[in-house]
Amino acid sequence: LLASNNVSASVDIDWKAGESVLYAALVNAYEKIEATSKRLEIQEIMTTFFLRILEKSPSNLLEVIYLCINRICPEFEGLELGIGEASLMKAIAMSTGRKVQAIRKEYSETGDLGLVAKASKKAQSTLFTPKPMTVSSVFKAFRKIALTSGADSIERKIQSIAALMSSCRSGEEAKYLIRSLEGKLRIGLAEATVLVSLAQAIVMNDSEYKTMSKNDKTAKLAEAPSVIKAVYSELPSYDIIVPVLLKHGVDGLREHCKLTPGIPCKPMLAHPTKSITEVLDRVEGHKFTCEYKYDGERGQIHLLEDGTIKIFSRNLEDNSQKFPDIVKNVTRFIKEGTKSFVLDCEVVAWDKEKKSILPFQVLTTRKRKDVKHEDIKVTVCVFGFDILYYNGEPLLQKSLEARRDILFSVFNEIEGEFAFVCYKNLNNVEDIQTFLDESVKGSCEGLMIKILDGTESSYEPSKRSRNWLKLKKDYLSGVGDSLDLVVIGAYYGRGKRTGVYGGFLLACYDPDTEQYQTITKTSTGLSDQNLEDFYKHFNGQVIDGPKRYYNFDEKTKPDVWFEPSVVWEVLAADLSISPVYKAAVGTCDLSKGISLRFPRFIRIREDKKPEDATTSDMVAEMYQRQFNHNES
Ligand code: ATP
């Protein structure tokens, strides 16, 4: 149980009940969190803070959650802070009377604009003490800044930020304000921890809880986080979930928050495997199915009751504008009487003449925004593999077999526009091998093997589930799967590569510490054209020094550092323990990290943000799996 009398967990700054939470109180919690790396301690600080909010100012809960996760609206609405460094430096200068040049110099030394803002604020002598900021005033100002558009919008944003800076009463407030505006709070407060703490605080605030036995309390506290996490994966909108939590508690969550067309649910993900025998070991005793693994882009197509059609990406981005052709065609795929649905599918580039699938690279040549129907050159075909909602009913709990029946009864195949995934229900190595070969001949990446019946075949939003296995032909002899890594630096090229970057420093992501951990340096798989393109692109991304959340060793220090913005898919021969790379450091070896051997660039992952890169846990698991399954 929570030791809520833990001194370090208590927040020292108070506010009056019924009034808005002071920003200083939130900043105080941030400071305590940043001072520790212990997950349980962080959880306790947040739970204690949420409890105080529930007791005194519950109407601020939603704003506090958004500030803690550094967002201003649900992810799928796409409104982001992410103010550029140059604008923030100008705003700091404007509000503190310092020169931008001096600020830039300090920034290159610390790699943290927040610290620069703090020092600038502290050095400033002020004649009057501003009115205290509240979480409400800060959150509203953030939204207003993000929504500022049109002529002079940058100037107007800078002025609003400068005004906020002037309202800060302390250097600490300025520090977290600037980091939040940059979109990079990064204090080690993972969203998963926020969810756990929220669940616990809601439970502990319930009057019934206070009268429960110790055992019941423990059980309740242990159960609540998984309920909130599951509901949030299905309906990732705090705007909906928080008011329900306040009104009905954790117990009422499942009843009132269900998958809803118009709100993308976090897609179910697959577990990598590197041999058919590994697959068969896993699915033993279950009915399962093998589907082609198409090489395109994940799509979640929603039909709302009012006839609106929306297409979301793997990242929950609204892609409806990218695929106006699909939006236009959808009503032709569906049978009469269909009022609403959520379809999980892969959008694949399609050759109309040859009536066949085109490689993924062709799909990447499509424009991403403001696509006009008449300008579309690359046509796409939707391959439907799952249905998650139909005519008012969420289907997630049904078995895959039942969902598949519904899918087939609701959709019509139209050549080159919509098709069902090609599948076979097989059960021996030889047949699976033949089907795998066929899939590759058919321009697919390999197979997806899915449990077909029973509770294990339900749809598990956001989970990298062992009930969905991916078997990629290319990788059978490698590490089982490719890795998606963030480019954080580069080394100048020599010899034939003079004048461009010759190698790149790559990192995986650790969501617990919010750090990018170096994993390898790569220079293979890059064509001359790639090298030229990447030089042009990354030249504009160079930053003055490493970010404070880059975990690296001086021995691998690159010539230039970049903002974390681009994700590359990389293939490797194997993984090994490394004295200099930091991936999953301390997990498989007490002090060393993991690195890749013979890494090779495959492609850019435009559908992934840096935070969606392969995680440290996944790297550790891949490393360990090498020793368990070496047969191919
Ligand atoms: P992950 O999504 O697992 O993080 P990733 O984005 O690199 O990894 P893959 O490793 O290629 O994707 O494997 C999963 C993806 O395969 C799905 O997200 C989906 O886009 C695609 N896919 C293609 N065919 C299918 C299918 N039949 N069933 C499920 N997914 C499929």
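User: What share of the 632 residues in the protein chain is buried, and what makes a residue count that way?
Analyst: Buried residues make up 43% of the 632. The label is a neighbour count on C-beta atoms placed from the backbone: 20 or more others within 10 Å is buried, 12 or fewer is exposed, and anything in between is partly exposed. Bear in mind that this is a predicted model, where local features need pLDDT of at least 70 and side-chain atom pairs count only at pLDDT 80 or more, while totals for chains, interfaces and linings use all residues. Residues are numbered from 1 along each chain as its sequence is written.

User: Why is Ala17 called buried or exposed?
Analyst: Ala17 has 9 C-beta neighbours inside 10 Å, so it counts as exposed. Ala17 sits in the segment before helix H1 (23–34), with helices (H or I, at least four residues) and strands (E, at least two) being DSSP runs numbered from the N terminus. Its C-alpha is 9.6 Å from that of Pro58, 41 residues away in sequence.

User: How do you know how compact the protein chain is?
Analyst: The chain comes to 21 helices and 22 strands. Its radius of gyration (over C-alpha atoms) is 26 Å, close to the 26 Å from the globule rule for 632 residues, so it is as compact as a globular protein of that length. That rule is 2.2 Å times the number of residues to the power 0.38. The C-alpha trace spans about 80 × 70 × 55 Å along its principal axes.

User: What makes H9 enclosed by the rest of the structure?
Analyst: Of the 12 residues in H9, 10 are buried, so the helix is largely enclosed. Among them are Tyr176, Leu177 and Ile178, plus charged-type names like Glu173 and Lys175. The buried residues of H9 pack against H1, helix H3 (61–68), helix H4 (85–96), helix H6 (113–123) and helix H8 (153–167), going by contacts (C-beta atoms, placed from the backbone, within 7 Å).

User: Which span does H19 reach, and what is it set against?
Analyst: H19 (residues 429–441) has 13 residues and reaches 18 Å from first C-alpha to last, close to the expected 18 Å. The expected span is 1.5 Å times one less than the number of residues.

User: Where do the buried residues of H19 fall, seen down its axis?
Analyst: The buried ones are Ile432, Leu436 and Ser439. They fall within an arc of 60°, so they line one face of the helix; the arc is that of the directions from the helix axis to the C-beta atoms. On the face turned away from that side, Glu430, Thr434, Asp437 and Lys441 are exposed. The buried residues of H19 pack against helix H15 (276–283), S2, strand S11 (446–451) and strand S12 (464–472).

User: Why is Ser443 called buried, exposed or partly exposed?
Analyst: Ser443 has 17 C-beta neighbours inside 10 Å, so it counts as partly exposed. Ser443 lies in the loop between H19 and S11, and its phi is positive, about 65°, although it is not a glycine.

User: Which residues come nearest the ligand?
Analyst: Of the 13 around it, Glu291, Arg298, Glu346, Phe385 and Met448 do. The cut-off is a C-beta atom, placed from the backbone, within 6 Å of the molecule. The shell divides into six nonpolar, no polar and seven charged residues. Here Ala, Val, Leu, Ile, Met, Phe, Trp, Tyr, Cys and Pro are nonpolar, Asp, Glu, Lys and Arg are charged, and the others, Gly among them, are polar. Strands S1 (269–273) and S2 (288–293) each supply at least two of the shell residues.

Conventions
Two residues are in contact if their C-beta atoms, placed from the backbone, lie within 7 Å.
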